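Hi,

Here is the structure I promised to pass on. Have a look at it first, and my notes follow underneath.

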Amino acid sequence: MTRKQQKLHEQLLDIIDQQPPGARLPAERELAAVTQVSRDTLRRALKHLEGLKHIEIRQGAGIFVLAKPLANQLKLMSFSEEMQQLGLTPSNKLLFNDVVRADVKVANKLGLAPGAELFSIRRLRLADGAPVAIEQVYLPKSIFPELATKELHTGSLYDLLHRQYEIVVDQAKQQISATVVDEEEADFLQIPVFSPALLAERTVLDEQGRIIELAKSLYRADRYRFDVLVQRNGTRLATAFE
């Protein structure tokens with residue numbers, strides 16, 4: 001990218017950052033005048049910013065500002081804690097809440113025998129009222145026999161575990177992969193079918209080294225990202241949000 005192109009992108013990003021998500025930007029003619037470039041040069045820059053998910057260009061309708069992705073800093077926090085740290089209001093819609101028997105795959109990941117009883121909790125996670133993720137959580141009933149799962153309509157899982165059982169989460173193993181959403185997932189997340197998504201699978205251990213949770217979270221790729229700083233010695237540190 002040339003210095004002139006970089007300056008143009010910075011000018012456009014300044015304009016975009018001053019607008020709320022969903023706002024329509026000025027017309028091409030006005031933007032070209034403000035940035036003092038030709039409309040052809042402006043169009044190329046706008047197309048590049050659209051590819052970076054800063055804006056959406058709708059033919060015949062205009063140029064619209066997209067919501068910035070939420071950033072997971074790869075710290076061991078609940079979704080509620082993450083959103084609160086970002087200054088957003090978390091909320092949930094409980095989709096499923098029951099006791100189930102662990103199949104072989106899930107049992108192996110939790111270190112349990114197949115058929116062990118689990119709390120199975122599926123929630124739609126929202127930030128400021130907008131859907132961000134679908135979360136499926138499995139918790140061993142042997143560890144949490146009387147878990148008050150109904151409280152998860154509004155509260156944080158880790159807060160509930162600490163209050164009811166004095167559980168302190170200590171560490172987790174997490175895998176992140178790319179996927180697409182099916183029809184049901186698209187409906188919950190309010191995005192088109194086959195839209196890209198991020199699938200994060202996490203097993204969580206408490207201070208005693210017990211596996212206390214298996215969580216699978218499906219995130220909207222246009223609203224969420226994972227930021228990691230990888231040092232030369234292999235140590236991974238979380239980056240700051242934006």
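Let me start with a loop residue: Q190 is exposed, because its relative accessibility comes to 61%. Keep in mind throughout that this is a predicted model. Q190 sits in the loop between helix 7 (183-189) and strand 8, and it has a positive phi of about 60 degrees without being a glycine. Most residues other than glycine have a negative phi, which is the reason I flagged this one.

Q36 gives a similar story. Its phi is positive too, about 60 degrees, and again the residue is not a glycine. You will find Q36 in the loop between helix 2 (28-35) and helix 3 (39-51), and with 73% relative accessibility it counts as exposed. One more for the phi list: E166, just after helix 6, takes a positive value of about 55 degrees.

Now the overall picture. The chain has 7 helices and 12 strands, and 40% of its 242 residues count as buried. Looking at contacts with a separation of 6 or more, 56% are between residues 24 or more positions apart.

Helix 6 is where I spent a good part of my time. This helix runs over residues 157-165, and L157, Y158, L160 and L161 are buried in it. These four span an arc of only 160 degrees around the axis, so they end up on the same side of helix 6. What lies over them? The cover for the buried residues of helix 6 includes helix 4 (79-85), along with strand 5 (117-127), strand 6 (130-140), strand 7 (169-180), strand 8 (196-206) and strand 9 (211-220). At the start of the helix, a side-chain oxygen of S156 comes to within 3.4 Å of the backbone nitrogen of Y158.

That leads on to the cores. The largest nonpolar core has 17 residues, and the members that touch the most others are L139, F144, L147, L157, L161 and I212. At least two residues of this core come from each of strand 5, strand 6, helix 6 and strand 9. Helix 6 supplies the largest share, 4 residues. Leaving aside residues up to four places away in sequence, L147 touches F119, L139, L160, L161, Q164 and Y165. A separate core of 14 residues lies apart from this one, and L8, I16, L25 and A45 are among its members.

Then the rings. How many aromatic pairs are there? The count comes to 1. The pair is F144 with Y165, edge-to-face, at 5.3 Å centre to centre and with 70 degrees between the planes. F144 is in the loop between strand 6 and helix 6 while Y165 is in helix 6, so the pair ties together parts 21 residues apart in sequence. F144 counts as buried at 0% relative accessibility, whereas Y165 is partly exposed, with a relative accessible area of 24%. Another ring worth a look is that of F64: the charged end of R58 sits over it, 3.9 Å from the ring centre.

Finally, back to the surroundings of Q190, where two buried residues caught my eye.

- R220 is in strand 9 and is buried, with a relative accessible area of 12%. Its side chain reaches the backbone oxygen of L189 at 3.0 Å. Not counting residues up to four places away in sequence, R220 touches P131, V132, L189, Q190 and I191.
- L124 belongs to strand 5 and is buried as well, at a relative accessible area of 6%. Its C-alpha atom is separated by 8.1 Å from that of L189, which is 65 residues away along the chain. With residues up to four places away in sequence left out, L124 touches S91, N92, K93, L95, P131, A133, I134, F188 and L189.

Which residues turn up in both contact lists? P131 and L189 are touched by R220 and also by L124.

If you open the model with one thing in mind, I'd go for helix 6 and its buried residues L157, Y158, L160 and L161, then move on to F144 and Y165 for the edge-to-face pair.

Cheers

Technical notes: Residues numbered from 1 in each chain as written. Predicted model: local features only at pLDDT ≥ 70, side-chain atom pairs only at ≥ 80, totals over all residues. Heavy atoms only, no water. Buried < 20%, exposed > 50% of the residue type's maximum accessible area, 1.4 Å probe, protein only. Arc of directions from axis to C-beta. Contact = heavy atoms within 4.5 Å. Polar contact = N/O pair within 3.5 Å; in protein donor to acceptor, adjacent residues only side chain to side chain. Core = buried A, V, L, I, M, F, W, Y, C linked by side-chain atoms within 4.5 Å. Phe/Tyr/Trp six-rings, centres within 6.5 Å; stacked < 30°, edge-to-face > 60°. Lys NZ or Arg CZ within 6 Å of the ring centre and 35° of its normal.
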